[in-house]
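Trainee: Please pick one part of this model and take me through it closely. Then carry on into its surroundings.

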Amino acid sequence: MMTGSRNWKALAGHPLALLCLAALCIRLASAILLPNITHPDETFQYGEQAFRVVAGRGLIPWEYEVGARSWLLPGLQIPIVAAARAFADDPMLLRTMLAAAMSLLALLTTVAAYRIGRSLGGTRDAAILSALLAALWCEFVYFSTHFLADTVSAAFLLLAVAAGSSARQAWDDARPMPASRWLLCAGLLLGLAVAFRPQLGPAAVLLGLWIAGAIPSARWLRLLAGGLVPILAMGLLDWASWGSPFHSVLTYVRANSGGIANIFGVEPGHYYLSRELAVWGVATPLILGTALLGLRRAPILAIVSLTILITFSAVPHKEWRFVYPALPPLFCLCAIGSADAVAYLRRRLPTVNGSTMFAAAALLWIALSLLSGVRGAMRPVWLQGSESILALEQTSRDPQACGLGVEPPDRWMRTGMSRLRSDIRLYPARSGQDGHYNYAISFEASRSRFARGDAGFAEVGCFRSDTCLYRRPGGCTPGGEELRADPEPAVRDMLDRLDVGPAKP
């Protein structure tokens with residue numbers, strides 16, 4: 001007992017270790033207890049394709065027909081998918097292992113935030129508050145467990161800020177060798193951020209100029225040497241995958257500049273700002289106020305965040321996740337401003353214990369994170385898509401399940417073979433095909449033919465969003481037309497007009 005007590009006291013003496021532990025635990029608990037889908041991309045553009053490589057089956061969206069996506073992010077998931085399947089053919093295990101991998105990456109961003117607070121904020125208080133916000137702010141907890149280009153690139157971008165600040169500090173201390181190593185590291189991290197999310201290019205350029213200096217020098221060469229490695233690797237991967245270097249980037253730009261992205265919705269220029277204000281709610285004054293206070297010490301953090309916001313705001317098609325990379329630098333800025341505010345109060349109120357003031361600031365941020373996370377715009381996202389996850393995992397737990405019909409078939413984006421046991425086939429739930437599946441999921445349960453007992457199906461259970469699962473006795477007849485990830489007619493017409501055809505790997 002005494003040994004355990006001493007261990008906890010030792011851990012409490014290292015706040016970064018405590019915060020990393022808290023970050024890991026809260027993310028794993030969130031992923032397991034509150035399963036959700038941020039966007040279908042995390043399934044079909046990344047997870048499903050990694051699953052397809054490992055299992056030999058999976059839905060293929062149009063992006064992987066024309067080569068508009070890089071295999072870089074699915075490639076990261078392939079070892080995780082293979083490891084999960086080596087343990088058990090269980091979609092819940094796969095989902096948990098993917099979330100665990102992203103949670104570990106989030107620990108690196110917590111460490112990076114600590115380093116940024118220490119080097120740019122100049123105090124231990126700024127470092128601890130930066131790490132605390134990176135570990136516990138509600139948007140970070142929500143997004144960081146999802147394998148998306150936005151979340152992965154955000155982690156590398158923040159790590160690049162930390163490496164860049166270390167490089168600058170080494171140069172200031174006249175330590176050229178460590179500075180050179182940090183420059184290479186910062187360049188590599190910037191290159192990774194851009195390789196995963198090319199739209200971060202403008203922010204990466206400005207950050208690179210801050211790291212290496214605005215005047216051309218040998219520092220530029222070191223930074224570029226590091227940055228070109230992952231970008232060239234991505235080009236070579238495209239060459240091997242699609243038949244030409246940077247094919248995915250060029251095809252993506254061609255397709256989306258032609259108007260395909262707008263088919264999925266357009267938003268006004270103020271969308272991201274409005275969305276964030278709706279999420280932050282009563283925390284908005286503190287966030288904006290402390291960010292302004294932090295500008296004196298770390299203007300580069302504001303520049304990076306604003307550049308990302310402006311870059312994505314200029315594009316008509318907008319999704320909340322797109323600007324996620326802007327948030328970690330912003331909240332590091334808030335932490336630095338908060339530490340300065342605490343330092344000011346300590347000078348003005350010498351009779352009040354300084355540790356108490358710091359603890360109050362930390363508790364205030366934690367309370368506002370909880371409040372923002374359970375109210376308003378943030379509240380519904382914690383269970384977004386959970387009905388699909390739970391229905392497919394329930395199907396997978398039945399050893400007699402052999403096929404799942406999807407009603408209506410154009411809702412394929414809410415399913416995915418990677419979310420099922422690998423011996424269960426997916427079918428469009430059409431009359432005449434009912435013998436090929438003994439489970440059916442309806443995303444329009446209020447008018448489903450299965451709800452009427454059609455073809456002998458009975459309700460197993462219903463979930464959120466008018467989603468119900470049905471089962472019939474017996475097995476499945478082999479064959480039949482399996483479910484396809486067919487694009488919307490408007491997307492197919494646009495691809496034809498733009499003359500974007502199948503890639504030639």
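Mentor: We start with a pocket and work outward from there.

The model is predicted, so local features need pLDDT of at least 70, side-chain atom pairs count only at pLDDT 80 or more, and totals for chains, interfaces and linings use all residues. Residues are numbered from 1 along each chain as its sequence is written, and side-chain values use heavy atoms, without hydrogens and water.

Take the second largest pocket. It holds about 400 Å³ of space. A pocket here is an open set of points on a 1 Å grid over the protein atoms alone, where a 1.4 Å probe fits and protein lies on both sides within 12 Å along at least five of seven lines. Points are joined across faces, edges and corners, and the volume is the space filled by probe spheres set on them.

Lining residues have an atom within 4 Å of a point. This pocket has 18 of them, and Trp 280, Leu 288, Leu 306, Leu 309 and Leu 330 are the closest to its centre. Two or more lining residues come from each of α15 (271-280), α16 (284-294), α17 (299-313) and α18 (327-348). These labels are DSSP runs, numbered from the N terminus: helices are H or I with at least four residues, strands are E with at least two. Helix α17 gives the largest share, five residues.

The lining has 16 nonpolar residues, one polar and one charged. Nonpolar covers Ala, Val, Leu, Ile, Met, Phe, Trp, Tyr, Cys and Pro; charged covers Asp, Glu, Lys and Arg; the others, Gly among them, are polar.

Now follow Trp 280 outward. Phe 331 is in contact with Trp 280, meaning heavy atoms within 4.5 Å. Beyond four places in sequence, Phe 331 also contacts Leu 133, Trp 137, Glu 139, Phe 140, Ile 287 and Trp 365.

Phe 331 also belongs to the largest nonpolar core, which has 121 residues. Such a core is a set of buried Ala, Val, Leu, Ile, Met, Phe, Trp, Tyr and Cys residues joined through side-chain atoms within 4.5 Å. Buried means under 20% relative accessible area, exposed over 50%, and partly exposed in between, with a 1.4 Å probe and protein chains only. Trp 137, Leu 207, Leu 301, Phe 331 and Leu 404 touch the most other core members. Helix α9 (149-172) supplies the largest share of this core, 13 residues.

Next, stay with α18. Ala 335 lies in this helix. Ala 335 counts as buried because its relative accessible area is 0%. Its contacts beyond four places in sequence are Ala 126, Leu 129, Ser 130 and Leu 133. Leu 133 is thus shared, because contact is the 4.5 Å criterion and Leu 133 is in the lists of both Ala 335 and Phe 331. Arg 69 is another matter: its C-alpha atom is 36 Å from that of Ala 335, and the two are 266 residues apart along the chain.

Finally, look at some backbone geometry. Most residues other than glycine have a negative phi, and most peptide bonds are trans. Ala 174 has a positive phi near 60 degrees. Ala 174 sits in the loop between α9 and α10 (176-196). Ala 174 is exposed, at 61% relative accessibility. Glu 407 and Pro 408 are joined by a cis peptide bond, with omega about -10 degrees. Pro 408 lies in the loop between β1 (403-407) and β2 (425-428).
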